[in-house]
Amino acid sequence: MTKEMKRPISNITQDSIKPLLSNAVEFYTNKNREAHKCIQERDEYINYLESKLSNAKPQQALPVVPECVAEFVSGDENEFSKADRIAYLLQSVQGDSYYLTKELPGDGMITVDEGQELYNWAICQHHETILKLWNGYTVEKQLFYIALPKVYGLSDSTFVSKAESGIISEFTKGKDYALKLTEQQIKSIDERYWQFAVPVEVEK
């Protein structure tokens, strides 16, 4: 005997389901609207960052200086200010050696040798390089002489003793008056001189 199966009676009608469908549609519509807004805000922020980066000025590299210059510029402010120290170096760029080689050693602020070394460095620089020292610098401790090849039967090497505005103008047979330069300074004169660079031995 086959038992007849009856379909369960449901109280769900088209009118009763409409509010549920409407709520579901509204829910997903709101979520899509929020997602679209987030994407739009993200894109606007990306455009803002790209605009800032494209308009940003590249950071200028700090000048590379020998240790003696770094010690001089960062010296005791109670003796004389950083601005004064930079001003003395600027005077030397113009060829005025009085302050570094006479006045400051005479007042006991620096030694004669220190003053001469500072002057030898400063006279090879441009005003812009000296002014940049106010914002900082990178210390290059290793210094070099430029020892030119022996020529015309000379027994001693010839060292560069003076260079102004990127041009070598004087030479010496010994190291006492030879310029002590960084790698950057030598290459700024002429990269071909780098092959004649001789490291300055550190006095112990």
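**Close-up 1. Helices α4 and α5 make a right-handed crossing.** This is a predicted model, as are the views that follow. The axes of helix α4 (residues 98-106) and α5 come within 8 Å here, crossing at roughly 150°. That angle is over 145, so the two helices count as roughly antiparallel to each other. On the α4 side, look for Leu100, Thr101 and Pro105; they meet Val112, Gly115, Gln116, Leu118 and Tyr119 in α5. Sorted by class, the residues of this α4 and α5 contact come out as five nonpolar, three polar and no charged.

**Close-up 2. Helix α3 (residues 82-93) packs against helix α5 (residues 112-122).** The angle is about 60° in this pair, and the axes sit 8 Å apart. α3 and α5 are therefore oblique to each other. Their crossing is right-handed. From α3, the contact takes in Leu89, Ser92 and Val93, while α5 brings Leu118, Tyr119, Trp121 and Ala122. Six of the residues in the contact of α3 with α5 are nonpolar and one is polar, with no charged ones.

**Close-up 3. α3 also meets α4, with the axes coming within 9 Å.** The two cross at roughly 135°, and α3 and α4 are therefore oblique to each other. Tyr88, Leu89, Gln91 and Ser92 make the contact from α3, and Tyr99, Leu100, Glu103 and Leu104 make it from α4. The class count for the contact of α3 with α4 is five nonpolar, two polar and one charged.

**Close-up 4. Ser92 of helix α3 is buried.** Its relative accessibility is 0%. Leaving out residues up to four places away in sequence, Ser92 touches Leu100, Tyr119, Ala122 and Ile123. Ser92 turns up in the α3 contact with α5 and again in the α3 contact with α4. Leu100 belongs to the α4 side of that second contact, whereas Tyr119 and Ala122 are part of what α5 brings to the other.

**Close-up 5. Several elements cover the buried residues of α5.** Those buried residues are Gly115, Leu118, Tyr119, Asn120, Trp121 and Ala122. The cover includes β1 (64-65), α2 (67-73), α3, α4, α6 (127-132) and α7. Two of the buried residues, Leu118 and Tyr119, are in the α5 contact with α3 and also in the one with α4. Gly115 is among the α5 residues that α4 meets, and Trp121 is one of those that make the contact with α3.

**Close-up 6. Gln185 lies in helix α7 (residues 183-189) and is buried.** Its relative accessible area is 5%. Setting aside residues up to four places away in sequence, Gln185 touches Trp121, Gln125 and Lys180. Trp121 is one of the buried residues of α5, and α7 is among the elements covering that buried set.

**Close-up 7. Phe144, in strand β3 (residues 144-148), is buried.** The relative accessible area of Phe144 is 12%. Not counting residues up to four places away in sequence, Phe144 touches Leu179, Lys180, Leu181, Thr182, Glu183, Ile186, Trp194, Ala197, Val198, Pro199 and Val200. Pick out Trp194 in that list: it sits 50 residues from Phe144 along the chain, and the two C-alpha atoms are separated by 9.3 Å. Lys180 is a partner of Phe144 and of Gln185 in the previous view as well.

**Close-up 8. Cys68 and Cys124 sit on either side of the 20% burial cut-off.** Cys68 has a relative accessible area of 21%, so it counts as partly exposed. Cys124, at 17% relative accessibility, counts as buried. As for cross-links, the structure holds zero disulfides.

**Close-up 9. Stepping back, the protein chain comes to seven helices and six strands.** Along the sequence, the elements follow the pattern α-β-α-α-α-α-α-β-β-β-β-α-β. Of the 204 residues in the protein chain, 27% are buried. Take the contacts between residues at least 6 apart in sequence: 59% of them join residues at least 24 apart.

Definitions and conventions: Residues numbered from 1 in each chain as written. Predicted model: local features only at pLDDT ≥ 70, side-chain atom pairs only at ≥ 80, totals over all residues. Heavy atoms only, no water. Disulfide = S-S within 2.5 Å. Buried < 20%, exposed > 50% of the residue type's maximum accessible area, 1.4 Å probe, protein only. Axes fitted to C-alpha atoms, helices over the stretch in contact; angles between N-to-C directions. Helix = DSSP H or I, 4+ residues; strand = E, 2+ residues; numbered from the N terminus. Parallel < 35°, antiparallel > 145°, perpendicular 65-115°, else oblique. Left-handed = near helix turned anticlockwise from the far one by under 90°. Contact = heavy atoms within 4.5 Å. Nonpolar A, V, L, I, M, F, W, Y, C, P; charged D, E, K, R; others polar.
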